[in-house]
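I opened this entry to record what I looked up in one structure. The notes follow the order in which I checked things.

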Amino acid sequence: HGMPSFILPAMSSTAAANASAYWRIAGMSYLRYSGLCADMVRAALKEAPKAKAATREGAYFKYTPWADGVAGTPVIVDTKAALK
């Protein structure tokens, strides 16, 4: 990588592994943990950035339910519309 070793952070791989496992210790999935962290960051924002972040909340996706090996009718979900 070309950088001298004294410039790189001095964190052992054991320390990095221990630091990354707190969400597991708390009994959460990583997705739940990252969502909780995002909620906390948004709650700490000042009003102008908070309003801008609120416009990006929610999700828009399409899924197809399957039953007995046959695809059903595709369903479109827009959680942003529910937030309005």
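Entry 1, overall layout. I counted the secondary structure of the protein chain first and got 5 helices and 4 strands. Read from the N terminus, the elements run α-α-α-α-β-β-β-β-α. The model is a predicted one.

Entry 2, confidence. I looked up the pLDDT next: the protein chain averages 77, and 71% of the residues score at least 70. Where is confidence lowest, and where is it highest? The lowest mean, 60, belongs to helix α1 (residues 13-19), and the highest, 94, to strand β3 (residues 70-71). I keep in mind that predicted coordinates should not be read in detail where pLDDT is low.

Entry 3, burial, surface and contacts. The protein chain has 84 residues, of which I find 4% counted as buried. The exposed area of the chain is about 7300 Å², with carbon and sulfur atoms supplying 63% of it. I then took the contacts in the chain with a separation of 6 or more: residues 24 or more positions apart account for 10% of them.

Entry 4, aromatic pairs. I searched for ring pairs and found 2 in the structure. Tyr30 and Tyr33 have ring centres 6.3 Å apart and planes at 45°, so I logged this pair as tilted. The angle falls between the cut-offs of under 30 degrees for stacked and over 60 for edge-to-face. Both tyrosines sit in helix α3 (residues 30-44), and because they are 3 residues apart there, about one helical turn separates them. Tyr33 has a relative accessible area of 31%, so I noted Tyr33 as partly exposed.

The rings of Phe61 and Tyr63 have centres 6.4 Å apart and planes at 35°, so this pair is tilted as well. I checked the accessibility of each partner. Phe61 is partly exposed at 38%, and Tyr63 is partly exposed at 40%.

Entry 5, salt bridges. How many salt bridges does the count come to? I get 2.

One joins the side chains of Arg42 and Asp39, at 2.6 Å from N to O. Arg42 and Asp39 are both in helix α3, 3 residues apart, which is about one turn of the helix. Arg42 comes out as partly exposed, with 26% relative accessibility. Asp39, at 44%, is also partly exposed.

Glu47 and Lys50 form a salt bridge too, and their closest N and O atoms are 4.0 Å apart. I located both in helix α4 (residues 47-54), where being 3 residues apart puts about one helical turn between them. Are these residues exposed or partly exposed? Glu47 is exposed, with a relative accessible area of 61%, whereas Lys50 is partly exposed, at 29%.

Entry 6, Tyr60. I ended with a single residue, Tyr60, which I placed in strand β1 (residues 60-63). Its relative accessibility is 59%, so Tyr60 counts as exposed. The cut-off for exposed is over 50%. Which residues does Tyr60 touch, leaving aside its neighbours within four places in sequence? I find contacts with Ile76, Val77 and Asp78. For Val77 I also looked up the C-alpha separation from Tyr60: the atoms are 5.7 Å apart, while the two residues are 17 residues apart along the chain.

Technical notes:
Residues are numbered from 1 along each chain as its sequence is written. This is a predicted model: local features need pLDDT of at least 70, side-chain atom pairs count only at pLDDT 80 or more; totals for chains, interfaces and linings use all residues. Side-chain values use heavy atoms; hydrogens and water are left out. pLDDT is the predictor's confidence in each residue, from 0 to 100. Helices (H or I, at least four residues) and strands (E, at least two) are DSSP runs, numbered from the N terminus. Rings of Phe, Tyr and Trp (its six-membered ring) pair if their centres lie within 6.5 Å; planes under 30 degrees apart count as stacked, over 60 as edge-to-face and the rest as tilted. Buried means under 20% relative accessible area, exposed over 50%, partly exposed in between (1.4 Å probe, protein chains only). Contact means heavy atoms within 4.5 Å. Accessible areas come from the Shrake-Rupley method with a 1.4 Å probe; for residues, only the protein chains shown count as cover.
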